[in-house]
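Me: I should like to learn how to read an interface between chains, and then the spaces within a protein model. May we take them in turn?

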Amino acid sequence: MGLALAISGLAVSGRDSRTLLAVPDLEVAPGSCVAVKGPSGAGKSTFLFACAGLAGTASGSIVWGDTDILALGIQKRAAFRRSAIGLVFQDFLLFEELSALANAALPGAFAPAGAQKAMRLRAASVLERLGIAPLGARTVESFSGGERQRVAIARALASDPDVILADEPTASLDRKAADALVDDLVRLARTDGKTLVAVSHDSAVHERADRVIEIIDGQIASDTTYA
Amino acid sequence: MLDPVFMVWDGLPVAAQDALLFVLLLLPAVLVGLLVVLGFRPMTLVRAMMWRFKWTNLLFIALIAVSVGIGVGLIAQERGLRQGTARAADKFDLVVSAPGSEITMLFAAVYLQPSDVPLLTGAQYNAIANAENVALAAPIAFGDSYRSAPVVGTTADFVLHMTDELADGRLFEVHTDAVIGANVALALGDRFSPAHGVAGAADDSAHAHFEYEVVGRMQPTGSPWDKAILVPVEAVWEVHGLPNGHAPDDAGRIGPPFLAEQFPGTPAVLVRAEELWANYALRSQFTTDETMAFFPGAVLASLHGLMGDVREVMSVMAIVTQVLVTAGVLAGLVILTRLFARRLALLRALGAPRRFVFSVIWSYASVLIGSGAVLGIVVGLAATEAISRIVTARTDILVRSSLGWPELHLVAAFVSVTVVLALTPAFIALSRPVVTDLRG
Ligand SMILES: Nc1ncnc2c1ncn2[C@@H]1O[C@H](COP(=O)(O)OP(=O)(O)OP(=O)(O)O)[C@@H](O)[C@H]1O
Ligand SMILES: [Mg+2]
């Protein structure tokens, strides 16, 4: 089941100690699909990285379930990400020289020995659900953008996390591929009950979300929940 | 406190010491590797990184291979030369000649390098031949040539001393018989006229009236003697219009004893004692105002000692090159890992423990260093093999290339040092901020 998110008093500052993002109070129900939109440079990626415990300097609290990741040290944050959060990026960030399955099962390389096999199987089954032959020996170098992003999604889900954080997952895809991908991503998140937070300026994402949060100038400017 | 350790060490066979030293030198690399990689499986990613910038990676490996190859090659080549020259002088227990430079005589009598030297008289030769414990006293009368092959006057016993058994044909029985070295381009039954002098200075017409016939061929000796033509010393004298060592009514005789008053002289005499120890007595006996006696092996050893100093300078140079290459490789690794910065940041964003990312970078560096080192051994040996062939072809001294412990020790030390130093690029890569790298 997905995790609930509760943010309070969050302030993220950049290297020049300028405040990039301020979120006084935000709650996200477990298993919901949240889209984050806003103009370029507004702080959307900053928000997402903060939720993953990757923000450099942040104060306040970001609580997933009952874990405040800002209260954790670097190693414990990494461990939390490893088990609870799956990340998807705009430009996929795959290892081009590896096969789809090797990429999707990548988190297995640093998982405990006992969990590696399960992760590999899971990665293979997610790939299959996304229509990519997991046993293909082809390296992802020759994959289309849509296929690459599916591999990235399979990688995010390999450790069966409760949360998926996606930053502009459709930005590198053409319209058709983007629509198909959003369908897949949202469908997977919903059927498995994951909490999905997707930063996107793509209306296809907004339409399928339960809730759309708009960030402007580092502040939440609007927050709309759909029935 | 360490005394017992040294005692055990000294008690070990040399091969065991070498093997142990190799293991000890490699140990830091292995230990660091175990500590860094333990519990992780970084190789899939390392393979991906190797492929990603394969030409850059190959260039790095080649760079390391060349530097390691230089070190390996220098050591192996020096040993090959040392052993080859020693093997070529093996048969020459004690050489007696007129006083002069031992080194000149070594080069002339043992390696057949042309040189003008004064002669020993018949009386001196007989004194040597009749001395106590002398098993063999063979004149070595060099100075003539046929084409590029030195023609050396000596006795049949000397031929048998050089080659236990002829490869082909028979020993000389008459003055015009010749036995050729293994690599002389003549066949049994061929006839030829010697020239006075050697190589460029040879005067082909000088002995046109005299003809030798090839009657035998020696086994290969791995020395310049493989290119030499051995003839009865009497013939060399006759060719020059001199008495031939025997009484005029016994002129057809071949081999010792020689009559002192009919003996025109020989530049050198090879002496072999019946017992090893007697060589020393013979050497002092013939170290006089009129004669010089020396062990070619000992002269060679002091020459090698001199070469040893050169070798040390060369090894220092080889090490300096390797240190420079190591520094270059480390700097390159820092840059290469920056090329991977986004991928490495991704791993950390996915929750990879720092130690895992560290192990990936370090393993990547170690694969480059390790393959470069292994390839370097191959490069070094190939270079040594090539140079040895050239040296063998030019000097007829058989130089063999081989892989010995000193090279392996050098490579092991190089690998350990670089692999331990490769921890630095890994630390540097880890110190980079994740989000900055992720944004690319
Ligand atoms: N480490 C940093 N130090 C200082 N400023 C930063 C840092 N990282 C990002 N910024 C700034 O923070 C602001 C928000 O950046 P962010 O990437 O979150 O925007 P965004 O909403 O994701 O924009 P886009 O839609 O273009 O991706 C930008 O002005 C950016 O330049
Ligand atoms: Mg962004």
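The dialogue below treats the interface, then the largest pocket, then the largest cavity.

Reply: Please keep in mind that this is a predicted model.

Me: How is the size of an interface often given?

Reply: The size is often stated as the accessible area that is lost when the parts come together. In this structure, about 2,400 Å² is buried between chain A and chain B, with 66% of it on carbon and sulfur atoms. In terms of residues, 24 of chain A are in contact with 24 of chain B.

Me: How many salt bridges and polar contacts does the rule find across the interface of chain A and chain B?

Reply: There are 2 salt bridges across the interface of chain A and chain B. In a salt bridge between side chains, R52(B) meets E97(A), at 3.0 Å from N to O. The rule also finds 8 residue pairs in polar contact across this interface, both residues of each pair being at pLDDT 80 or more.

Me: Which elements give two or more residues to the side of chain A that touches chain B?

Reply: Those elements are α1 and α2 of chain A. The largest share comes from α2(A), with 5 residues. By residue class, the side of chain A that touches chain B divides into 13 nonpolar, 4 polar and 7 charged residues.

Me: Turning to open spaces, how much space lies in the largest pocket, and which residues are the closest to its centre?

Reply: The largest pocket holds about 1,200 Å³ of space. Its lining has 45 residues, and the closest to the centre are F49(A), L54(A), V435(B), T436(B) and R439(B). Chain A supplies at least two lining residues from each of β1 (5–13), β2 (19–28), α1 (44–51) and α2 (74–84), and chain B does so from each of α11 (341–349) and α15 (434–439). The lining of this pocket comprises 14 nonpolar, 16 polar and 15 charged residues.

Me: What of enclosed spaces: how many cavities of 30 Å³ or more does the structure hold, and what lines the largest cavity?

Reply: The structure holds 4 cavities of 30 Å³ or more, and about 80 Å³ of space lies in the largest cavity. Among the residues that line the largest cavity are C33(A), P169(A), L185(A), L196(A), V205(A) and R208(A). Two or more lining residues come from each of β3 (33–37), α6 (175–192), β8 (195–199) and α7 (203–208) of chain A.

Me: How do the residues of the lining of the largest cavity divide by class?

Reply: The lining of the largest cavity has 11 nonpolar residues, no polar residues and 1 charged residue.

Technical notes: Residues numbered from 1 in each chain as written. Chains lettered and ligands numbered in written order. Predicted model: local features only at pLDDT ≥ 70, side-chain atom pairs only at ≥ 80, totals over all residues. Heavy atoms only, no water. 1 Å grid on protein atoms, 1.4 Å probe; cavity = no way out; pocket = protein on both sides within 12 Å on 5 of 7 lines; lining within 4 Å. Points joined across faces, edges and corners; volume = space filled by probe spheres on them. Helix = DSSP H or I, 4+ residues; strand = E, 2+ residues; numbered from the N terminus. Nonpolar A, V, L, I, M, F, W, Y, C, P; charged D, E, K, R; others polar. Contact = heavy atoms within 4.5 Å. Buried area = accessible area lost by both parts, 1.4 Å probe. Salt bridge = Lys/Arg side-chain N within 4 Å of Asp/Glu carboxyl O. Polar contact = N/O pair within 3.5 Å; in protein donor to acceptor, adjacent residues only side chain to side chain.
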